[in-house]
Amino acid sequence: MNAVYEKVEVCYKQIRATVDFLPKVAIVLGSGLGALADVIQVAGTVNYSDITGFPVSTVNGHKGRFVFGYIQEMPVVIMQGRVHFYEGYEISDVVLPIRVMRKLGADILFLTNSAGGLNTMYRPGDFMMITDHIGSFMPSPLKGENIDEWGTRFPSMDNLYDAQLSECIRQAARDCNVPLREGVYVQMRGPQYETSAEVRMCQALGGDAVGMSTAIEAVAGRHMGMRVCGLSCISNMACGISKIPLNHMDVTEVGEKMAPLFRLLIYRAISHMAADMAGMEVKKEQKPAVSGVIIDDM
């Protein structure tokens with residue numbers, strides 16, 4: 001058996017034995033943004049450290065656990081703290097949580113992060129909906145033997161960030177009267193912050209925000225058939241744009257300061273997603289029949 005596949009199966013079975021819960025949405029919370037998991041209707045939690053072989057987050061501000069529960073009656077699983085490539089894990093371990101959440105039943109992957117602003121129009125505390133990403137500086141999470149049960153060998157990354165889910169985020173921002181940026185996220189390896197020259201390179205490539213996560217998770221989710229959307233909290237301006245030296249504490253503090261508004265934005269976005277999914281189910285139930293034959297949706 002493929003070692004990566006076997007590891008996912010072992011983690012999945014251990015979680016399923018602990019929490020009998022079927023999530024529809026998987027949410028990954030970035031630095032300083034973990035408070036969302038503390039206010040949902042909780043059905044159960046599982047610490048990463050209690051799962052055999054599961055990578056454990058070593059970053060301050062990341063609690064390191066799965067939280068299962070409901071947001072606006074939508075069943076969700078929340079990663080309260082993610083794992084990063086710079087922590088020394090293999091790329092397959094970094095995206096293992098995404099694959100496990102898919103196995104648990106999640107169809108939608110909602111990725112969040114704290115990011116540095118590359119776009120000079122941005123300011124710390126802004127929210128940016130991710131419309132696309134540049135992950136070319138990272139090893140592919142799909143390298144090695146393909147597991148056909150999960151997805152095709154050469155998955156398309158066209159329209160990776162789902163248009164319908166993105167519209168739900170826009171609607172949420174309008175509901176909350178929150179200005180919403182839209183742009184391209186660049187993932188770098190870290191853990192060091194980018195140099196001024198690297199920031200200029202990312203800007204030249206078309207990046208609007210830069211960080212050390214998210215892109216590879218989105219790829220792994222798409223490979224397994226998940227619908228993906230993403231939201232960045234701009235915690236700082238990138239090196240060379242800001243004259244203030246960067247440090248992780250400042251990044252976390254901005255995330256914590258913006259957490260109440262972020263929490264509200266996520267709640268409203270999930271609410272719109274739930275309404276859209278309910279509408280799709282109603283549409284399926286009301287398919288027109290012609291000569292006794294049900295017409296399939298395209």
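Helix α6 (residues 215–223) is largely enclosed by the rest of the structure, because nine of its nine residues are buried, where buried means under 20% relative accessible area, exposed means over 50% and partly exposed lies in between (1.4 Å probe, protein chains only). The buried residues of α6 are Ala215, Ile216, Glu217, Ala218, Val219, Ala220, Gly221, Arg222 and His223. Helices (H or I, at least four residues) and strands (E, at least two) are DSSP runs, numbered from the N terminus. The model is predicted, so that local features need pLDDT of at least 70 and side-chain atom pairs count only at pLDDT 80 or more, while totals for chains, interfaces and linings use all residues. Residues are numbered from 1 along each chain as its sequence is written, and side-chain values use heavy atoms, with hydrogens and water left out.

Within α6, His223 has a relative accessibility of 6% and counts as buried. Apart from its neighbours within four places in sequence, His223 is in contact (heavy atoms within 4.5 Å) with Leu142, Asn146, Ile147, Trp150, Gly151, Thr152 and Pro155. Gly225, which follows α6, has a positive phi near 90 degrees.

A second topic is the packing of helices α1 and α3. The axes of α1 and helix α3 (residues 96–104) are 9 Å apart and make an angle of about 55 degrees, where axes are lines fitted to C-alpha atoms, for helices over the stretch in contact, and angles run from 0 to 180 degrees between N-to-C directions. That angle makes α1 oblique to α3, given that angles under 35 degrees count as roughly parallel, over 145 as roughly antiparallel, 65 to 115 as roughly perpendicular and the rest as oblique. The residues that make the contact include Val4, Tyr12 and Ile15 of α1 and Leu96, Val100 and Lys103 of α3. The charged end of Lys103 sits over the ring of Tyr12, 5.1 Å from its centre; the rule requires NZ of Lys or CZ of Arg within 6 Å of the ring centre and within 35 degrees of the ring normal.

Aromatic rings form a further theme. Rings of Phe, Tyr and Trp (its six-membered ring) pair if their centres lie within 6.5 Å, with planes under 30 degrees apart counted as stacked, over 60 as edge-to-face and the rest as tilted. By this rule the count comes to eight aromatic pairs. One of them joins Phe21 and Phe68 edge-to-face, at 5.9 Å centre to centre and with 65 degrees between the planes. Because Phe21 lies in the loop between α1 (3–18) and β1 (25–29) and Phe68 in strand β3 (residues 65–71), the pair ties together parts that are 47 residues apart in sequence. Phe21 is buried at 7% relative accessibility, and Phe68 is buried at 0%. Phe21, Tyr48, Phe54, Phe66, Phe68 and Tyr70 form one aromatic cluster.

Some backbone features in loops also deserve a careful look. Most residues other than glycine have a negative phi, and most peptide bonds are trans. Two non-glycine residues with positive phi are set out below.

| Residue | Phi | Loop | Relative accessible area |
|---|---|---|---|
| Gln72 | about 50 degrees | between β3 and β4 (74–80) | 43%, partly exposed |
| Asn159 | about 50 degrees | between β6 (127–134) and α4 (163–176) | 61%, exposed |

A cis peptide bond, with omega of about 0 degrees, joins Gly190 and Pro191, and Pro191 lies in the loop between β7 (180–187) and α5 (196–204).
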